[in-house]
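Welcome! Below is a short tour of one structure, starting with a single residue and moving on to a sheet and its helices.

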Amino acid sequence: MIRMLSQAYKRRQRSPDAAWRALETFFDGFRADISAVLSMNWDTVFERGVARAQTLRRVEYGCHARAVMFDGNSLISRRLTGEPLHILKPHGSVNWLYCDACRETFWVPPSDTDRVAQTLFRQQDWAVLPKPKSKLPAIRTPACPHCDTQSLGTRFATFSYRKALDFPMHSASWRTAERYLKGTADWVFIGYSMPAADFEFKHLLKRVQLTEGDRPNITVITGGRDADATIDRYKKFFGDVKGKRFAFKNGLDVEALRHLEKIKVLSA
Ligand SMILES: [Zn+2]
């Protein structure tokens, strides 16, 4: 799965279409100094986009994950300076490694996810598969940078009602998300249809919306055949307040980008 995400990403980067270019405009202008991101996906599209457009490489995942990098078969600490990108990934991320022994979480540069895959898929996993025609990808067996045991793995929360959310990095991400959501003027939802399975997230949103004195403005940027139904679902969920609800049903088009400039998610 990690390699497929990475291959799909590289393919589109080589032959960009209109959607990719709109995304680049978004990353160029994204105000990382006053905005935070909550991503329900495992991919590193956001981190890589902002790193490319603004050379922001310091990422704050809000779950005490430590920055490391591969050095051959080892993981070593990585010191990062400069403005951080605040991005929370409560369902996990393809550039994270989690230690089952000491329960620390580590993150590698978002472009190095192939090496994470090489760590997770071990010798014994290849042994049970039919021999591939091409050469086997490398296998890495780094020790945990904290406790030095061979216990690195990962955790992904999957699309189901019964998500594995009780791991320390997932629950820390949710706590941080709640802190960011409180006192934020604008909540912007991009490409998120608010599925029924995310009932815990919906509960968090509703609770914060109702307990904050100044309630947030809601912007929905969606697309596809179900766009109208999605916008309707948001209206029902957050209430339709005149002048405080904004909906765009053609993805990140010119109109949506202009609105994001107006509410200062993007610099003008
Ligand atoms: Zn450890």
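A residue is called buried if 20 or more other C-beta atoms lie within 10 Å of its own, exposed if 12 or fewer do, and partly exposed in between, with C-beta atoms placed from the backbone. L97 counts as buried because it has 24 C-beta neighbours inside 10 Å. The model is predicted: local features need pLDDT of at least 70, side-chain atom pairs count only at pLDDT 80 or more, and totals for chains, interfaces and linings use all residues. Residues are numbered from 1 along each chain as its sequence is written.

L97 sits in strand 6 (residues 96-99). Helices (H or I, at least four residues) and strands (E, at least two) are DSSP runs, numbered from the N terminus. Beyond its neighbours within four places in sequence, L97 is in contact (C-beta atoms, placed from the backbone, within 7 Å) with F106, V116, T119, L152 and T154.

Now to the sheet. Strands 9, 10 and 11 form an open sheet in the order 9-10-11, with parallel pairing; two strands pair if DSSP finds at least two bridges between them. Strand 9 (186-190) and strand 11 (245-248) are the edges, each pairing on one side only. Strand 9 pairs with strand 10 (residues 217-221) over five bridges, and D186 stands opposite N217 in strand 10.

Two helices meet these strands. Angles run from 0 to 180 degrees between N-to-C directions, and axes are lines fitted to C-alpha atoms, for helices over the stretch in contact.

| Helix | Strands touched or crossed | Angle |
|---|---|---|
| Helix 8 (residues 227-238) | strand 10 and strand 11 | about 165° with strand 10 |
| Helix 9 (residues 254-262) | strand 10 and strand 11 | about 150° to strand 11 |

Terms used: Contact = placed C-beta atoms within 7 Å.
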